[in-house]
Amino acid sequence: MKAFEPKAVPPDSWRHWVTEALDLCTAQWLPNTVLVLGLLGGMQLLQADAGRLLLGCLAPGLVALFTAVASRAHTPRRLHQVLRGSLPGVGRAVLCAATVLAVLYAVLAAIAGALAFGGAGAPAAGQAAWTAGTATSDFAAGQSALLVLFLWLLVPLLFFLLPLLVCAQLPVRQALALARQAHALNPFAWRVGAAAGLLCLGGAMWNGVAAVPFYPLIGTLLYVAYRHVFLGMPPETATQSANARWPALQSPTWSSPGSSPRRSAGCRPRCMR
């Protein structure tokens with residue numbers, strides 16, 4: 001049995017990751033569009049403060065959800081089965097985000113309290129700046145979602161952590177350890193995540209509707225990178241299996257573990273132990 005551990009890949013792999021992510025997103029544009037409009041549309045109905053607070057916690061979970069949807073291209077499971085199976089991993093991603101935000105909020109509240117004693121108006125000014133920045137579009141929830149995702153993508157470990165939680169279904173502690181190893185072997189991955197974050201920032205400055213393609217695209221990008229680094233499936237091989245996925249689902253090689261790259265790509269780490 002092969003150990004489930006990250007591998008070093010060429011630094012120019014990000015070009016192939018982006019190309020395949022675009023291909024997979026195009027192939028699954030309908031479920032992606034329905035999901036992102038339904039989820040962010042629900043946020044639009046909430047009050048501004050409550051919506052922003054929820055988005056701060058849910059943004060990593062939404063990206064993780066689209067990472068799971070992207071894995072549907074290389075698995076015989078239907079969409080509802082993929083979504084149902086990804087819920088534990090999405091829940092762990094949301095819990096991690098909520099924990100980080102709770103600590104950050106406590107620190108900021110202490111700083112705000114200290115500034116209040118000094119008569120400074122920085123917190124109110126920051127709140128006004130955020131409100132003004134997300135009031136330039138009718139789809140304000142989309143703008144807020146992009147701004148929040150921009151901040152989260154600056155966290156280095158997030159790039160591999162979300163696929164490990166959702167696709168590999170690993171506990172948080174083990175996923176964090178493997179994500180650290182993956183980043184140590186592939187330090188360029190953080191630059192890819194930061195560039196994706198800047199893309200989200202540019203989309204937020206343009207219009208909140210940009211969240212409709214950006215969320216699925218980034219989730220798919222994380223999935224493609226995860227398959228390459230952890231499962232040893234380079235993007236070229238993954239693209240070939242994606243183009244032939246429907247004949248592959250009827251192939252008898254799926255009943256023989258280890259007989260096909262497509263079969264091994266669909267295995268979770270627990271199957272590799």
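The exercises below, each with a worked solution, concern a predicted model.

**Exercise 1. Overall make-up**

State how many helices and strands the chain has, and what percentage of its residues count as buried.

Solution. Start with the secondary structure: the chain holds 14 helices and zero strands. Read along the sequence, the pattern is therefore α-α-α-α-α-α-α-α-α-α-α-α-α-α, given that helices and strands are DSSP runs numbered from the N terminus. Next, take burial: 45% of the 273 residues count as buried. Last, consider contacts with a separation of 6 or more: 78% of these in the chain join residues 24 or more positions apart.

**Exercise 2. The pair α6 and α10**

Determine how helix α6 is oriented relative to helix α10, and which residues meet.

Solution. Step one is the geometry. The axes of α6 (residues 140-153) and α10 (residues 211-231) come within 10 Å, and they cross at roughly 30°. Angles under 35 degrees count as roughly parallel, so α6 is roughly parallel to α10. The crossing in which α6 passes α10 is left-handed.

Step two is the contact. From α6 come G142, A145, L146, L149 and L153, which meet A211, F214, Y215 and I218 of α10. Sorted by class, the residues of this contact are eight nonpolar, one polar and no charged.

**Exercise 3. The pair α9 and α10**

Find the relative direction of α9 and α10, and describe their contact by residue class.

Solution. Helix α9 (residues 188-206) packs with α10 at an angle of about 175°, the axes being 11 Å apart. Since angles over 145 degrees count as roughly antiparallel, that is the relation of α9 and α10. On the α9 side the residues are V192, A196, L199, C200 and G203, and on the α10 side they are F214, I218 and L221. The class count for this contact is seven nonpolar, one polar and no charged residues. F214 and I218 also appear among the α10 residues that meet α6.

**Exercise 4. The pair α1 and α10**

Classify the crossing of α1 with α10 by angle and by hand, and list the residues that make the contact.

Solution. The axes of helix α1 (residues 13-27) and α10 come within 8 Å, with a crossing angle of roughly 125°. This value falls outside the ranges for roughly parallel, antiparallel and perpendicular, so α1 and α10 are oblique to each other. By hand, the crossing of α1 past α10 is right-handed. The contact draws on S13, W17, V18, E20, A21, L22, L24 and C25 of α1, together with P216, L217, T220, L221, Y223, V224, A225, R227, H228 and V229 of α10. By class these are 13 nonpolar, three polar and two charged residues.

**Exercise 5. The nonpolar core**

Identify which residues touch the most other members of the largest nonpolar core, and which helix gives the largest share.

Solution. The largest nonpolar core has 71 residues, and L164 and Y215 touch the most other members. The largest share of this core, 14 residues, is from α10. Setting aside neighbours within four places in sequence, Y215 contacts V36, A59, L62, V63, F66, A145, L146 and L149. In soluble globular proteins, nonpolar side chains tend to be buried together.

**Exercise 6. From α7 to α8**

Establish how far α7 is enclosed, then describe Q169 and A175.

Solution. Begin with helix α7 (residues 158-166): nine of its nine residues are buried, so this helix is largely enclosed by the rest of the structure. They are L158, F159, F160, L161, L162, P163, L164, L165 and V166.

Move on to Q169, placed in the loop between α7 and α8. Its phi is near 55°, a positive value in a residue other than glycine. Q169 has 11% relative accessibility and thus counts as buried.

Finish with A175 in helix α8 (residues 172-185). A175 is buried, at a relative accessible area of 0%. Beyond its neighbours within four places in sequence, A175 is in contact with L161, L164, L165 and L170.

**Exercise 7. P235**

Decide whether P235 is buried or exposed, and name its contacts.

Solution. P235 belongs to helix α11 (residues 235-243). Its relative accessibility is 4%, so P235 counts as buried. Not counting residues up to four places away in sequence, P235 touches H16, W17, E20 and H228. P235 and W14 are 221 residues apart along the chain, and their C-alpha atoms are separated by 9.6 Å.

Technical notes. Residues are numbered from 1 along each chain as its sequence is written. This is a predicted model: local features need pLDDT of at least 70, side-chain atom pairs count only at pLDDT 80 or more; totals for chains, interfaces and linings use all residues. Side-chain values use heavy atoms; hydrogens and water are left out. Axes are lines fitted to C-alpha atoms, for helices over the stretch in contact, and angles run from 0 to 180 degrees between N-to-C directions. Helices (H or I, at least four residues) and strands (E, at least two) are DSSP runs, numbered from the N terminus. Angles under 35 degrees count as roughly parallel, over 145 as roughly antiparallel, 65 to 115 as roughly perpendicular and the rest as oblique. A crossing is left-handed if the near helix is turned anticlockwise from the far one by less than a right angle, and right-handed if clockwise. Contact means heavy atoms within 4.5 Å. Ala, Val, Leu, Ile, Met, Phe, Trp, Tyr, Cys and Pro count as nonpolar, Asp, Glu, Lys and Arg as charged, and the others, Gly among them, as polar. A nonpolar core is a set of buried Ala, Val, Leu, Ile, Met, Phe, Trp, Tyr and Cys residues joined through side-chain atoms within 4.5 Å. Buried means under 20% relative accessible area, exposed over 50%, partly exposed in between (1.4 Å probe, protein chains only).
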